[in-house]
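Colleague: I should like a close look at a single part of this model. Please take one helix, together with the loop and the contacts that surround it, and then relate it to the rest of the chain.

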Amino acid sequence: MANYYSDHPELEFHLHHPLMKRVVELKEKGFADAKQFDYAPVDHEDAIENYKQILEITGDIAANVIEPNSEDVDIEGPHLENKRMIYASKTFENIEATRKAGLWGISMPRRYGGLNVPNITFSMLSEIISAADAGFQNIWSLQSCIDTLYEFGNEEQCEKYIPRICAGETMSMDLTEPDAGSDLQRVMLKATYDEAEKCWRLNGVKRFITNGDSDIHLVLARSEEGTHDGRGLSMFIYDKRDGGVDVRHIEHKLGIHGSPTCELTYKNAKAELCGSTRMGLIKYVMALMNGARLGIAAQSVGVSQEAYNEGLAYAKERAQFGEKIVNFPAVYDMLSRMKAKLDAGRSLLYQTAMYVDIYKCLEDIQRDRKLTPEERAEMKKYTRLADAFTPLAKGMNSEYANQNAYDAISIHGGSGFIMEYKCQRLYRDARIFSIYEGTTQLQVVAAIRYITNGTLLGIIKEMIADIVPNEAHAALKTRIETLVAMYEDSLNRVKELGSQDTQDFLARRLYDMTAEIIMSLLLLEDATRAPELFGKSAEVYVRMTEESVLGKSAYIKNFKAEDLDSFKVCCCGEA
């Protein structure tokens, strides 16, 4: 029987990454829970086995419940009934199956009913569910909003809401509005304090809210009258049981049909303040969005995997001119690139997830005791790494999902354009990944300061120094070192040009080069540890990176500041 975890040994490989020892050690806090909970691990090996069991269960449900339901969900979608959102009928089956398996609130501490899994394991679970149905992954993975409530809410709120999520209730993050999409500083949903009832009241409209009729919402609202920027925004908890929020509209979308995207009207809705006023956008939404961006990266890797699976399976079956098309150079070139992007993107995702795990665990430990100087230095290090890597992981994986889904259709030929084939749904689903939770262009903006100030170049040089490849892959390291020199020259050239407009114009090229070199190094490290799994992908991906870096470095080398005028005229006309 199919299993979306055990069918792909690449996932288990990442559970044995050297950093996992530290992740588990911090997450389990010395395995103290074993004294109180009989299902808590007693040591590192026991923890890894626990993660494998959870992944195995999820892989079974994904392959044998969620994926078989995916076509019906895509066709039916959610609908509006008496100002309430009603899921597609098969979505209810998916939710029930994951609830029975205990796959809700799983990142939360065991004292609230969670399983205390680290972010890397949650990312694997998200990938698996997304491969089965990216739309359902949205509904399921939004449970991670509870991490923000756990981090910034008070103990009373944690005790009130976290067990409900662990029991299978759903969540949403209500951020965007008709006039405030990417620019969240413009949010105007009004929050006023009700002195009589000793609660906050929310009034206004939210738009493009994923899973918008959920049980528990985290809401960004303007609490400071007369303000018009991010300093007047706070975060609130809205409980659907209290009423006051209606669904005005459900969007009809290109893809991810099972995931309801709602327009909501708040009418004097009762809410609780989460954390402190004025910190909603500055602190809490940033934490929420970073988690969401890793969630989209995992969603993207899942669809990349499924697109590759569909393309490969079709190529092995389809014959033209008396031969299976998988043997045609044009086709196996496409498939090898799809697999290389998949393996590289997954490695970047999980590396980033481990960085997040380490600093988040140390922050959690800091609630109970003062960190040692060594722990504070470690937290600072991994916070910096997570902040630098997260926009790379989200941006590159969302682009790769689109490319792999596109190529899967190409391999299918005319059949790929027919609705009966899954690859068309993967293509429709993938298109949103590089748009929501921050477009790829915004990921470039988030990453560029780590690129131009040399942070990521320093990380790249540290990675090169640490890799000791086996004999079969030694030449790959040398080739990557050559690319790093070209990249450094390009970076210096952009700085020499001086103009901020020029830097902004060339930023995407620097971003791509940075991410591709980092993923080349990650894949080389993977191939050194498991050549049977990653050796071929490492070779292909380094060739792809050479192709890209050579072209982009030549572009930057020959660029002049005055060239911007030509592009402005080309796209905008004469001034």
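Modeller: The account below begins with one helix and its flanking segments, and then turns to salt bridges, cysteines, loops and a strand pair. The model is a predicted one, and the part chosen is helix 13, residues 440–452.

Helix 13 has 13 residues, and at 1.5 Å a residue these should span 18 Å; the end C-alpha atoms lie 18 Å apart, in agreement with that expectation. The helix nevertheless carries a kink of about 35°, centred on Ala446. Its buried residues are Thr440, Gln443, Val444, Ala447, Ile448, Tyr450, Ile451 and Thr452. In an α-helix there are 3.6 residues a turn, so residues three or four places apart point the same way. The buried residues of helix 13 pack against helix 9 (280–317), helix 11 (373–412), helix 14 (455–466), helix 15 (474–497) and helix 16 (500–529).

Both flanks of the helix deserve attention. In the loop between helix 12 (422–430) and helix 13 lies Glu437. Its phi is near 60°, a positive value in a residue other than glycine. Most residues other than glycine have a negative phi. Glu437 counts as buried because its relative accessibility is 18%, the cut-off being under 20%. After helix 13 comes Gly454, with a positive phi near 85°.

A second positive phi in a residue other than glycine, again near 60°, is that of Phe31. Phe31 belongs to the loop between helix 2 (20–28) and helix 3 (44–76), and its relative accessibility of 18% makes it buried.

Helix 12, on the other side of the Glu437 loop, leads to the salt bridges. The structure holds 44 of them. One joins Lys422 to Glu67, with the closest N and O atoms 2.9 Å apart. Since Lys422 lies in helix 12 and Glu67 in helix 3, this pair ties together parts that are 355 residues apart in sequence. Lys422 is buried, with a relative accessible area of 16%. Another salt bridge, between Arg337 and Glu547, has an N to O distance of 2.9 Å. Here Arg337 is in helix 10 (residues 329–365) and Glu547 in helix 17 (residues 531–557), so that distant parts of the chain, 210 residues apart, are linked. Arg337 is partly exposed, at 27% relative accessible area.

Helix 15, one of the packing partners of helix 13, has a salt bridge of its own between Glu496 and Arg493, at 3.9 Å from N to O. These two residues are three apart in helix 15 and hence separated by about one helical turn. Glu496 is exposed at 61% relative accessibility, whereas Arg493 is partly exposed at 23%. Elsewhere, Glu10, Glu127, Lys339, Asp343 and Arg346 are linked in a network of salt bridges.

Disulfides, by contrast, number zero. The sulfur of Cys361 is 16 Å from the closest cysteine sulfur, in Cys158, and this is too far for a bond. Cys361 is buried at 6% relative accessibility, and Cys423 is buried at 0%.

Ser259, in the loop between strand 8 (245–250) and strand 9 (261–274), is also buried, at 0% relative accessibility. Beyond its neighbours within four places in sequence, Ser259 is in contact with Gly135, Asn138, Ile139, Thr210 and Lys253.

Finally, strand 3 (residues 171–174) directs Met171 and Met173 one way and Ser172 and Asp174 the other, with all of them buried. Strand 3 pairs with strand 6 (residues 216–222) in the parallel sense over four bridges, and the bridge partner of Ser172 in strand 6 is His217.

Definitions and conventions
Residues numbered from 1 in each chain as written. Predicted model: local features only at pLDDT ≥ 70, side-chain atom pairs only at ≥ 80, totals over all residues. Heavy atoms only, no water. Buried < 20%, exposed > 50% of the residue type's maximum accessible area, 1.4 Å probe, protein only. Pairing = 2+ DSSP bridges. Expected span 1.5 Å × (residues − 1). Bend = angle between axes of the 7 residues up to and from the residue. Contact = heavy atoms within 4.5 Å. Disulfide = S-S within 2.5 Å. Salt bridge = Lys/Arg side-chain N within 4 Å of Asp/Glu carboxyl O.
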